Amino acid sequence: MAQESNAQGTPTHKVRIWDLPTRLFHWLLATAVIALVVTAKLGGNAMNWHLLLGHAVLALLLFRLLWGVVGGRWSRFASFIHSPSSLLRHLRGRGQASDTAGHSPLGALSVFAMLAVLIAQVGSGLLSDDEIAFSGPLSRFVSGDTVAQATAYHAHWGQYLLYVLLALHLLAIAFYTWRGRGLVRPMLTGDKHLAEPLPASRDTAASRLLALAVAAAAGLGAWWVQQLGAAF
């Protein structure tokens with residue numbers, strides 16, 4: 001952690017907030033979600049890619065759930081839990097440095113919402129069946145009514161809810177950039193300049209090796225789910 005000064009001469013502390021695995025997850029997920037939307041709109045042979053991308057997103061989500069337990073300090077879900085008072089402080093513009101070093105109270109809620117919607121979208125895709133060329137690997141394990149409900153959610157309500165959250169995410173990035181608190185650079189470099197010398201996230205060779213092991217486990221889990229459909 002290094003001490004520097006901003007343009008006004010006020011001392012700031014350079015703190016590693018986002019470890020490399022978290023940053024890679026973020027950008028890979030963003031790319032995969034965009035590709036999923038494009039392939040869904042194209043249809044036809046692009047649906048083969050849509051299926052593969054869906055399993056890739058499943059692996060990414062499994063990784064994030066695990067990394068939220070064993071990852072760097074500010075990547076852990078424990079750091080996302082904010083009290084109602086800290087949320088009120090943030091909404092009133094009086095948040096403390098510790099409230100906004102990682103995900104702010106409002107940002108943490110948006111992250112949980114995004115993860116929940118993505119999990120629901122991937123899960124419904126695994127249970128879907130378009131009765132033409134695509135059948136999710138888990139669709140054979142549930143009733144026809146459940147498959148129909150999952151298919152309807154995946155193709156309609158689920159994707160529109162995802163679009164709304166993505167739009168809100170982009171608006172938030174634009175708003176904070178306008179306010180001089182850019183969110184993109186820290187997710188590229190991993191570092192933030194804070195007014196207080198807060199603890200940094202662990203981002204060492206050992207932690208990155210742990211991330212590789214977690215990623216391998218997540219990939220294996222996604223592959224196993226895919227094979228459930230091929231086993232019949």
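**Figure 1. Asp 191 in strand β3 of the predicted model.** Strand β3 covers residues 191-194, and Asp 191 is part of this strand. The model is predicted. Asp 191 counts as buried because its relative accessibility is 14%, and buried means under 20%. The side chain of Asp 191 and the side chain of Arg 16 form a polar contact of 2.6 Å. Arg 16 also appears among the residues in contact with Asp 191 once neighbours within four places in sequence are set aside. The others in that list are Lys 14, Val 15, Ile 17 and Pro 186.

**Figure 2. The surroundings of Thr 22 in helix α1.** Thr 22 belongs to helix α1. Is Thr 22 buried or exposed? Its relative accessible area is 4%, so Thr 22 is buried. A polar contact of 2.7 Å joins the side chain of Thr 22 to the side chain of Asp 19. Leaving out neighbours within four places in sequence, Thr 22 is in contact with Trp 67, Ser 75 and Met 187. A C-alpha to C-alpha value can also be given for a pair that includes this residue. Thr 22 and Tyr 176 are 154 residues apart in sequence, and 20 Å separates them in space.

**Figure 3. Ser 207 in helix α8.** Ser 207 is located in helix α8. With a relative accessibility of 3%, Ser 207 counts as buried. Which residue has its backbone nitrogen 2.8 Å from a polar atom of the Ser 207 side chain? That residue is Thr 204. When neighbours within four places in sequence are not considered, Ser 207 is in contact with Trp 67 and Arg 202. Trp 67 is also in contact with Thr 22, the residue of the previous figure.

**Figure 4. Gly 125 in helix α5.** Helix α5 contains Gly 125. Its relative accessibility is 11%, and therefore Gly 125 counts as buried. Not counting residues up to four places away in sequence, Gly 125 touches Phe 134, Gly 136 and His 154. How far apart are the C-alpha atoms of Gly 125 and Ser 139? They are separated by 9.0 Å, and the two residues are 14 residues apart along the chain.

**Figure 5. The largest nonpolar core and the residues around Val 57.** The largest nonpolar core has 29 residues. Leu 29, Val 57, Phe 63 and Leu 118 have the most contacts inside this core. Five helices each supply at least two of its residues: α1 (20-42), α2 (46-70), α5 (105-126), α6 (144-178) and α8 (205-230). Which helix gives the most to this core? Helix α2 does, with 8 residues. Setting aside residues up to four places away in sequence, Val 57 touches Leu 29, Ala 32, Leu 36 and Val 122. Another core lies apart from the largest one and has 8 residues. Trp 18, Trp 74, Ala 101 and Met 187 are among its members. In soluble globular proteins, nonpolar side chains tend to be buried together.

**Figure 6. A nonpolar surface patch and its residue Leu 88.** Leu 88, Leu 91, Leu 106 and Leu 109 make a nonpolar surface patch of about 370 Å². Two or more residues of the patch come from each of the helices α3 (84-91) and α5. Leu 88 is one of the patch residues, and it is found in helix α3. Leu 88 counts as partly exposed because its relative accessibility is 42%.

**Figure 7. The whole protein, for orientation.** The protein has 8 helices and 3 strands. In sequence order, these elements follow the pattern β-β-α-α-α-α-α-α-α-β-α. The C-alpha trace spans about 65 × 40 × 30 Å along its principal axes. Of the 232 residues, 36% are buried. Where contacts join residues at least 6 apart in sequence, 68% of them join residues at least 24 apart. The accessible surface of the protein comes to about 13300 Å², and carbon and sulfur atoms account for 68% of this area.

Definitions and conventions: Residues are numbered from 1 along each chain as its sequence is written. This is a predicted model: local features need pLDDT of at least 70, side-chain atom pairs count only at pLDDT 80 or more; totals for chains, interfaces and linings use all residues. Side-chain values use heavy atoms; hydrogens and water are left out. A nonpolar core is a set of buried Ala, Val, Leu, Ile, Met, Phe, Trp, Tyr and Cys residues joined through side-chain atoms within 4.5 Å. Buried means under 20% relative accessible area, exposed over 50%, partly exposed in between (1.4 Å probe, protein chains only). Helices (H or I, at least four residues) and strands (E, at least two) are DSSP runs, numbered from the N terminus. Contact means heavy atoms within 4.5 Å. A polar contact is a pair of N or O atoms within 3.5 Å; within protein, one must be able to donate a hydrogen and the other to accept it, and residues adjacent in sequence count only if both atoms are side-chain atoms. Patches are made of residues with over 30% relative accessible area and no salt bridge: like charges are joined within 9 Å, nonpolar side chains (Val, Leu, Ile, Met, Phe, Trp, Tyr) within 5 Å. Accessible areas come from the Shrake-Rupley method with a 1.4 Å probe; for residues, only the protein chains shown count as cover. A salt bridge is a side-chain nitrogen of Lys or Arg within 4 Å of a carboxyl oxygen of Asp or Glu.
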